[in-house]
Amino acid sequence: MNNDLFFDFTVDKAAKKVFVTKEFNAELSLVWDAFTKSEILDQWWAPEPYKAKTKYMNFTVGGKRFYAMISPEGKESWSLQEYTSITPKTNFKMKNAFADENENPQLPGSDWDHTFSEEGGKTTVKVTIYNESLTRMENLLDGFKSGFTQTLEQLDTLLQSLSEKVKGER
Amino acid sequence: MKINFAKPKSCAYICNRLVSNSFLKMRRDIFQAIADPTRRAIIALIALQAMTPNAIAENFHTTRQAVSKHLRILTECDLVKQESRGREIYYSLEIEKMKEIDEWLQQYRNIWESRFNQLDTLLSTMSAKKQAHKKQKK
């Protein structure tokens, strides 16, 4: 990532919120498009080696986006988003939930709020994600739950038993 | 010191492709290593006691070669360590390294970093195209 551009990631566990702020070296209209047009979203939303594939996206209030994160092995993890508020080039809000391939959402999901602002040719995006259940890794590791959540849960249990074992030996 | 050259599909190879940043690379190593169900099962198995590759392979419906490959990837990621006892090699878990996986938030942050890294690149391409388009119009 370009180090001259501001990036901040914080978590407020008590409020069950994740805050992500990022500055981009581009004009606001381009950044807005990058967040709100599926053909652009699909090019950057999934971190390598994952791929994002949008099946459909209707960016209007009440409209939905149905997309998958595809692992290198070809495993698809679907998510369903519904836009609840749109103020063009300023803000949009959506509800996000993991889903099966038939668009059935798995609740609880998360509420996302995006705010866009431009200053001196640079655009800042502030993302706030409210999770109904922050402790659930499904919510935190959005789209990477295939296998990974299970792993983390297993490791969590494992680490706990290991640290108890270490304590016991002392 | 033994030097392991990265082979395709090995942990190091995948990571080198993933991110250039060395800090991220280390994290991604683990991320990739535990993405595989067999490797997760191996981790769970050797967490209890150090085991030889043959003893590990007995727990899986797979070849000894396949288990060795998984062990190699886990070793490259420093998630497991080898120890020779007589003629046998025993594999056990690197507990300190495993604790790194406990840092859920770091993982999540890495996802955002990787994502925005891609968007930075994309936006600079888009901006350049837009500029070129404006010039053409003039």
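What share of the contacts in chain B with a separation of 6 or more is accounted for by residues 24 or more positions apart? In this predicted model, such pairs account for 49% of those contacts. Chain B has 138 residues, of which 33% are buried. Its secondary structure comprises seven helices and two strands, and from the N terminus the elements follow the order α-α-α-α-α-β-β-α-α.

Confidence in the model was considered next. The ipTM is 0.73 and the pTM is 0.58. For chain B the mean pLDDT is 75, with 70% of the residues at 70 or more. Residues 1-28 of chain B have a pLDDT below 50, and this stretch makes 32 contacts in the model beyond near neighbours in sequence. Where pLDDT is low, predicted coordinates should not be read in detail.

Chain A contains an open sheet of eight strands, ordered β1-β2-β8-β7-β6-β5-β4-β3 and paired in the antiparallel sense. Its edges are formed by β1 (7-12) and β3 (51-57) of chain A, each of which pairs on one side only. From one strand to the next, the twist averages 20 degrees. At the β1 edge, β1(A) and β2(A) run antiparallel and are joined by six bridges, with Asp8(A) opposite Thr21(A) in β2(A). β1(A) is hardly covered, as zero of its six residues are buried. Strand β2 (residues 17-24) of chain A also pairs with strand β8 (residues 122-131) of chain A, in the antiparallel sense and over eight bridges. Within β8(A), Thr123(A) stands opposite Phe24(A).

Helix α1(A) lies across β2, β6, β7 and β8 of chain A and runs at about 170 degrees to β7(A). The buried residues of this helix are Val31(A), Trp32(A) and Ala34(A). Viewed down the axis of α1(A), these buried residues fall within an arc of 160 degrees and therefore line one face of the helix.

The largest nonpolar core has 22 residues, and Val31(A), Ala34(A), Leu119(B) and Leu123(B) touch the most other members. Two or more residues each are contributed by α1 (28-36), β4 (64-70), β5 (76-87) and β6 (91-99) of chain A and by α7 (104-137) of chain B. The most is given by β4(A), with four residues. In soluble globular proteins, nonpolar side chains tend to be buried together. Leu123(B) touches Phe24(A), Asn25(A), Ala26(A), Leu30(A), Val31(A) and Ala34(A), residues up to four places away in sequence not being counted. Apart from the largest core lies another core, of 16 residues, which includes Ala33(B), Leu71(B), Leu74(B) and Val80(B).

One loop position in chain A was also examined. Asp100(A) is located in the loop between β6 and β7 (105-119) of chain A. Why does Asp100(A) count as exposed? Asp100(A) has 12 C-beta neighbours inside 10 Å, and a residue with 12 or fewer is classed as exposed. Asp100(A) and Glu76(A) are separated by 24 residues in sequence, and their C-alpha atoms are 9.3 Å apart in space.

Conventions:
Residues are numbered from 1 along each chain as its sequence is written. Chains are lettered from A and ligands numbered from 1 in the order in which they are written. This is a predicted model: local features need pLDDT of at least 70, side-chain atom pairs count only at pLDDT 80 or more; totals for chains, interfaces and linings use all residues. pLDDT is the predictor's confidence in each residue, from 0 to 100. Two residues are in contact if their C-beta atoms, placed from the backbone, lie within 7 Å. A nonpolar core is a set of buried Ala, Val, Leu, Ile, Met, Phe, Trp, Tyr and Cys residues joined through C-beta atoms within 7 Å. A residue is buried if 20 or more other C-beta atoms lie within 10 Å of its own, exposed if 12 or fewer, and partly exposed in between; C-beta atoms are placed from the backbone. Two strands pair if DSSP finds at least two bridges between them. Axes are lines fitted to C-alpha atoms, for helices over the stretch in contact, and angles run from 0 to 180 degrees between N-to-C directions. The arc is that of the directions from the helix axis to the C-beta atoms.
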